[in-house]
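User: I'm new to this structure and would like a close look at one part of it. Could you walk me through the backbone, above all the spots where strands pair and where the chain does something unusual?

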Amino acid sequence: HHHHHHHRHHDSAASNHQHHHHESHGRAVASSASHCHGDRHHSSSTSTTVSTSSHGHHHHHYHGHHDHGTKSSSHHQHVCPHRAPVTTAVKDVEKVARRQRSSPYPMIPMTEAVSTVLDKASRLATVSLPLSEAQGFVLASDVFARDALPPFPASVKDGYAVIASDGKGERKVVGPVTAGDSPGVRVGSGEVARISTGACLPAGADAVVQVEDTELVEDADDGRVELVVRINSTVTLGHDVRPVGFDIKKGEHVLEAGCVLGAAELGLLASIGVAQVDVVRKPIVGVLSTGNELCEPCTDTLPGGHIRDSNRTMLLAAVRDSGFTALDLGIAVDTPDALKEVIRSALDKVDVLVTSGGVSMGEKDLLKSVLTDTFGGTLHFGRVHMKPGKPTTFVSIPATESCSEKLVFALPGNPVSALVTYYLFPLPALRKMTGMADPRLPSIPVKLAHDVRLDPRPEYQRCIVQLPSMAADGSSSPYPEVSTTGSQCSSRLLSMRSANALLCLPPRGDDGDGSSSQVLSAGSIVQAMLIGTL
């Protein structure tokens, strides 16, 4: 069938036109003209050609005509008019000369991208685990106490169980009552029972006097038995006694669904007799690298044009650091068949697929088209207004009879971009899938230690947050101080070393005169997203 090529008409007055330049993230997508099926609403700046192919449906090829002399054109983004998910035909990727010279994917704002990811991520199924295996999982349902704690009135001190109204004076000693005993003794007027911390208060007694407030009067059997002691303090009813249910009342709401089971939570569950606990299953994450130039990290001598694959090692570690199971899916070469095979096999084993490389604007960047055309995926976004990580791609692959919906995060190939975008997109999705009440990473206000130049895009700089230390005069800053980790070039993995946060920088104000909105000065307060311990 016939192809009609409409090329953009450029007004030569457009020398100052600002194109959205592409980050050199890995290799990236070769796509033929985007096929937007069945849409009839075209904006006036779009020409449409319809060619009927042999299989009987219409391909609409949109090529925008830009008048670059106009003010508005400098903000133009190449947007498919109806903002529907865009697909690219795999069969046309060989036609390199006809690939699109600008991205067909709308550039979406960061907030919209994160919201889209969290909307698509849904909580996984509930599983029941023994308490000993539940650490780090998220509680699936509220827990109520079957029993009270303590289940009996318990002494808080080592000392003597007394009748409070008896007051001070010499008392006959009965007992003893130690922790773990079911007390058989009864305390009558003029008597006390020696008692240990945590032991059950014997019948008749209503308070405890600590051993420090008593003295021995008479013993027997060479000091092995106390016969009479003197009580030297007056106590009130219930003194140093934990009543029944003091810590936890029977039926009390002990833990809420959505909380992560750490040391304190597991201890609490043990104390109320929860042996099996309902938790949310954790997602399994597959990590795949794409690219003909990649070699295994153990390669001694690199062939020409090759580099060692660092992204897979790094992303597998990041996933495991976050508390999830990571599967190593190896390296896929840049051919549609190789990608199809490895993705098909991966989708049988994982809930989430994280890939790096193959999503920008290079002729070997096939990943987007393979995910949408071969696997019927919905492409939710293919470009995000951010730095680094502009070509980050998010695709959901619909559920089939045999398996649930899968989420695919195709991250850029540059190592820093891959790691930064992991924290911003897949990680919040994983946290939501595993049932966390607040899936977003925590952010804190921090004070800049030095000036920072702003970018036209919102930028996420690797940084080190240090908690405020007290000055010699006893004063301290209310804000932690933050310094970036050196050159923030998106290929420079050295800048992630020791970073414990991402500095969230706003886009610079477009005031055109180089004034203050181009630079944030030292001492400014900005947000930092925590990715490590402080």
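Analyst: Here is a walk through the strand pairing, then the odd spots in the backbone, and last a pair of helices.

Before we start, keep in mind that this is a predicted model. Its average pLDDT is 84, and 79% of the residues reach at least 70. Be careful with residues 6-88, though: pLDDT stays under 50 there, even if the model has 189 contacts beyond four places in sequence for that stretch.

Let's begin with strand β17, residues 276-280. Strand β5, residues 126-130, pairs with β17 in the antiparallel sense, over 5 bridges. If you want a place to put your finger, find L129: its bridge partner in β17 is V277. Strand β6, residues 138-139, also runs antiparallel to β17, and 2 bridges join them. Here you can look for V138, whose partner in β17 is V280.

Now for the peptide bonds. L149 and P150 are joined by a cis bond, with omega at about -5°. P150 sits in a loop, the one between β7 (143-144) and β8 (154-155). Another cis bond runs from G175 to P176, and its omega is near 5°. P176 is part of a strand, namely β10, which covers residues 169-177.

Next, go to the loop between β13 (214-220) and β14 (225-231), where you'll find D221. Phi of D221 is near 55°, which is a positive value in a residue other than glycine. D222 is in the loop between β13 and β14 too, and phi of D222 is likewise positive, near 55°. How open are these two to the outside? D221 has 49% relative accessibility, so it counts as partly exposed. D222 has a relative accessible area of 74%; because the cut-off for exposed is over 50%, D222 counts as exposed.

Finally, move along to the helices. Helix α6 takes in residues 415-424 and helix α7 residues 426-433; their axes come within 3 Å and cross at roughly 30°. On the α6 side, the contact involves T421, Y422, Y423 and L424, which meet P426, L427, P428 and L430 in α7. Sort the residues of this contact by type and you get 7 nonpolar, 1 polar and no charged.

Key. Residues are numbered from 1 along each chain as its sequence is written. This is a predicted model: local features need pLDDT of at least 70, side-chain atom pairs count only at pLDDT 80 or more; totals for chains, interfaces and linings use all residues. Side-chain values use heavy atoms; hydrogens and water are left out. Axes are lines fitted to C-alpha atoms, for helices over the stretch in contact, and angles run from 0 to 180 degrees between N-to-C directions. Helices (H or I, at least four residues) and strands (E, at least two) are DSSP runs, numbered from the N terminus. Contact means heavy atoms within 4.5 Å. Ala, Val, Leu, Ile, Met, Phe, Trp, Tyr, Cys and Pro count as nonpolar, Asp, Glu, Lys and Arg as charged, and the others, Gly among them, as polar. Buried means under 20% relative accessible area, exposed over 50%, partly exposed in between (1.4 Å probe, protein chains only). pLDDT is the predictor's confidence in each residue, from 0 to 100. Two strands pair if DSSP finds at least two bridges between them.
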